Structure formats: C-alpha cells, structure tokens
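Me: I would like to go through a structure feature by feature and learn how each one is read. Can we start once the model is in view?

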Amino acid sequence: MKKSLVAMIFVMMMSAFINNNTGNDKIFIQLYALEGKWIMKTKRGYIGEEWVKINKDYLQNKGFFVKGNDTVITERVSLKNTGEGIFYTSSVEDQNNKQPIAFRLTSSDNHVFVFENPEHDFPKRIIYKLITADSLHAFIDDRTETGKKQNFYYKRQ
C-alpha cells in the first residue's frame with residue numbers, strides 16, 4: 001500500500017511539472033517570432049535588435065545603434081525558458097556595472113509579452129507586442145500610468 005501511494009504521489013508531481021513546463025513551452029514557441037533583425041529609424045540614425053534562436057529554450061539578442069557606417073552594440077539579451085519560468089536577461093554596456101538584470105515573464109496574451117522586475121530602478125517592465133509578422137512595438141516603463149516610458153516601433157529588416 002505504501003509503495004503504491006508513493007508511486008501515485010510521484011506520478012502526480014511529475015504530471016504537474018510536465019503540465020507547467022508545457023505551458024511555458026507553448027509561450028516560448030510564440031517568442032520565436034522575434035527571430036531576425038528589427039530596425040527603427042530615429043533622428044540620430046537607426047536602432048535595432050537582432051534575435052537568434054540558439055535552441056528550443058534559448059533566444060539571444062544584440063541591441064545596436066547605427067549612425068552612418070558605424071554600428072555600436074548597446075545591449076545583449078538572453079531569453080530563456082527554464083523550469084522556474086521564462087526570463088529576459090539584459091546586459092547594457094554602461095548600466096548596472098555591466099551586470100545582467102533578469103526580468104521574469106509575468107503575462108502573455110494575444111502576442112503581448114510582459115517581463116517584470118519590480119526591484120530594478122528603470123525599467124521595471126519590458127513589453128513586446130507583435131503587431132504583425134513584420135511589425136513590433138516594444139517599450140520599457142516604470143509601471144506607472146504617468147511615469148517614465150520609452151517606445152520602440154520596429155520593422156523587420
């Protein structure tokens with residue numbers, strides 16, 4: 001009797017883990033749509049992001065700025081699907097002593113993905129909204145209605 005009870009508990013625990021991970025897997029597959037090069041024209045040049053799928057649970061991004069013939073890498077991002085959740089981890093050259101900052105995926109609905117880190121000064125949220133296959137609205141903010149916000153309207157290159 002004890003062996004069957006232990007086996008039943010083990011099966012239930014594994015089932016819960018698999019179901020939870022499957023949910024993350026389905027969400028992460030939607031994030032594959034980021035793969036490729038995204039560009040936004042500004043008054044000072046172009047800014048962009050280039051996403052590469054490393055494996056089924058890992059996307060990597062380089063944020064960059066282009067002025068004339070010069071391209072400067074401004075940020076490196078890893079987007080990982082883990083057992084604890086989906087994490088957007090950013091390293092910006094001139095911020096946070098070059099230390100990576102992680103943002104956890106807190107919601108995803110209708111091709112809108114919200115990553116949050118309420119402990120970080122700015123941003124506290126990073127949001128990606130896939131408008132079409134070739135149009136992306138990303139923004140960062142401090143989670144307040146009237147607070148600081150930066151918008152990025154990208155087109156696929």
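Reply: This is a predicted model. A good place to begin is a loop residue: N110 is found in the loop between β6 and β7. N110 is not a glycine, yet has a positive phi of about 55 degrees.

Me: Is N110 buried or exposed?

Reply: The cut-off for exposed is over 50% relative accessible area. N110 counts as exposed because its relative accessibility is 64%. N97 can be read in the same manner: phi is near 55 degrees, a positive value in a residue other than glycine. N97 is found in the loop between β5 and β6 and is exposed, with a relative accessible area of 72%.

Me: Which peptide bond is cis?

Reply: Here one looks at omega. The bond from F122 to P123 is cis, with omega near 0 degrees. P123 lies in the loop between β7 (112-116) and β8.

Me: How many bridges join β9 to β10?

Reply: Strand pairing is read from bridges. There are 7 bridges between β9 and β10, and these strands run antiparallel. One pairing to look up is that of F139, whose bridge partner in β10 is N151. Strand β1 (residues 36-42) is also joined to β10, by 2 bridges, and runs antiparallel to it. W38 has R156 as its bridge partner in β10.

Me: And what should I keep in mind about side chains along a strand?

Reply: In a regular strand, side chains alternate between the two faces of the sheet.

Me: Which residues of the lining lie nearest the centre of the largest pocket?

Reply: For a pocket, read the volume, then the lining, then its chemistry. The largest pocket has a volume of about 680 Å³. Its lining has 29 residues, and E75, V92, I140, Q150 and F152 lie nearest the centre. Elements that give two or more residues to this lining include β2 (45-55), β3 (58-67), β4 (70-82) and β10 (149-156). By class, the lining of the largest pocket divides into 17 nonpolar, 8 polar and 4 charged residues.

Me: How does the second largest pocket read, and which element gives the largest share of its lining?

Reply: The second largest pocket has a volume of about 150 Å³. Among its lining residues are E50, Y58, N61, K62, R76 and T89. β2, β3, β4 and β5 each give two or more residues to this lining, and the largest share, 4 residues, comes from β3. The classes here are 3 nonpolar, 5 polar and 3 charged.

Me: N61 is in that lining. Is N61 buried or exposed?

Reply: Under 20% relative accessible area is the cut-off for buried. N61 is buried because its relative accessible area is 2%. N61 lies in strand β3, and its side chain reaches the backbone nitrogen of E50 at 3.3 Å. Leaving aside neighbours within four places in sequence, N61 is in contact with E49, E50, W51, E75, R76, V77 and Y128.

Me: Where is K56, and what does it touch?

Reply: K56 sits in the loop between β2 and β3. K56 is exposed, with a relative accessible area of 53%. With neighbours within four places in sequence left aside, K56 is in contact with F28 and Y32. The side chains of K56 and D57 are joined by a polar contact of 2.9 Å. For distance in sequence against distance in space, take K56 and D25: these are 31 residues apart in sequence and 8.6 Å apart in space, C-alpha to C-alpha.

Key
Residues are numbered from 1 along each chain as its sequence is written. This is a predicted model: local features need pLDDT of at least 70, side-chain atom pairs count only at pLDDT 80 or more; totals for chains, interfaces and linings use all residues. Side-chain values use heavy atoms; hydrogens and water are left out. On a 1 Å grid over the protein atoms alone, a cavity is a set of points where a 1.4 Å probe fits but cannot get out, and a pocket is an open set with protein on both sides within 12 Å along at least five of seven lines; lining residues have an atom within 4 Å of a point. Grid points are joined across faces, edges and corners, and a volume is the space filled by probe spheres set on the points. Ala, Val, Leu, Ile, Met, Phe, Trp, Tyr, Cys and Pro count as nonpolar, Asp, Glu, Lys and Arg as charged, and the others, Gly among them, as polar. Buried means under 20% relative accessible area, exposed over 50%, partly exposed in between (1.4 Å probe, protein chains only). A polar contact is a pair of N or O atoms within 3.5 Å; within protein, one must be able to donate a hydrogen and the other to accept it, and residues adjacent in sequence count only if both atoms are side-chain atoms. Contact means heavy atoms within 4.5 Å. Two strands pair if DSSP finds at least two bridges between them.
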